[in-house]
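Visitor: I would like to know how the labels used for a structure are justified. Could you take me through some of them?

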Amino acid sequence: MVVCGCEISAKEVRLAVVYLNDDGNVEMHRLKTTRIELEDDTSEDDLRSFLAALHDFARENAVDTFVIKTRAKKGRMAGGAVSFKIETLIQLVDGCNTRFVSPVALAHFAKKEVEEYPVKLPVYLKNAFLSGAYALTRG
């Protein structure tokens, strides 16, 4: 199974594609595209273009499941309206399932079960990687 961990931040989604190797360890694909940005969330053309980019990304990387790090819906740390539109567009990618994981679960997973991160993992992809790895190892 190939999983794409996602972290939505402002008007972009950060993507990390992971899979289990023959030894049962989490491996990360090296990707050409690690972020997709939604330019104008009020433009139908931009929304359709973003969805098409997600479809292309999923097809090119043989993604079975997207796993999204959730954001608060209200309060001081709440996600913005644009981020929830991005979340919805991810859920609409044909042929892919979508799952969610809480920041608390990711923090616990990272602290207790992640011994090392992939070499040269960019800092901005850490939560996307953790989301994918969590889904792979937690079924």
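Guide: What follows is a set of questions about a predicted model, each answered with a value and a cut-off.

Visitor: What makes Phe109 and Tyr134 an aromatic pair that is edge-to-face?

Guide: Their rings lie 5.5 Å centre to centre, with 85° between the planes. Ring centres within 6.5 Å make a pair and planes over 60 degrees apart count as edge-to-face, so both terms apply. The structure holds 2 aromatic pairs.

Visitor: Why is it said that this pair links distant parts of the chain?

Guide: Phe109 belongs to helix α3 (residues 103-113) and Tyr134 to helix α4 (residues 126-138), 25 residues apart.

Visitor: How do you know whether Phe109 and Tyr134 are buried or exposed?

Guide: Buried means under 20% relative accessible area. Phe109 has 4%, so Phe109 is buried. Tyr134 has 18%, so Tyr134 is buried too.

Visitor: Why does Ser131 count as buried?

Guide: The relative accessibility of Ser131 is 0%, therefore Ser131 falls under the 20% limit. Ser131 is placed in helix α4. Leaving out residues up to four places away in sequence, Ser131 touches Gly5, Cys6, Val67, Lys69, Val101 and Leu106.

Visitor: Why is the contact between Glu44 and Arg48 called a salt bridge?

Guide: The closest N and O atoms of Glu44 and Arg48 are 2.8 Å apart. A salt bridge needs such atoms within 4 Å, so the term fits. Both residues are in helix α1, 4 residues apart, which means a separation of about one helical turn. Arg48 has a relative accessible area of 56%; exposed means over 50%, so Arg48 is exposed.

Visitor: What makes Arg59 exposed but Asp56 partly exposed?

Guide: Arg59 is at 59% relative accessibility, over the 50% that exposed requires. Asp56 is at 33%, so Asp56 falls in between the limits of 20% and 50%. The two side chains meet in a salt bridge at 2.4 Å, N to O, and both residues lie in helix α1.

Visitor: How do you know that Arg138 and Glu113 form a salt bridge?

Guide: Their N to O distance is 1.9 Å, and the limit is 4 Å, so the pair qualifies. Arg138 in helix α4 and Glu113 in helix α3 are 25 residues apart. Arg138, at 39%, counts as partly exposed, and Glu113, at 41%, is partly exposed as well.

Visitor: How many salt bridges are there by this rule?

Guide: The count comes to 10. Glu7, Glu12, Arg14, Arg35 and Lys69 are linked in a network of them.

Note on methods
Residues numbered from 1 in each chain as written. Predicted model: local features only at pLDDT ≥ 70, side-chain atom pairs only at ≥ 80, totals over all residues. Heavy atoms only, no water. Phe/Tyr/Trp six-rings, centres within 6.5 Å; stacked < 30°, edge-to-face > 60°. Helix = DSSP H or I, 4+ residues; strand = E, 2+ residues; numbered from the N terminus. Buried < 20%, exposed > 50% of the residue type's maximum accessible area, 1.4 Å probe, protein only. Contact = heavy atoms within 4.5 Å.
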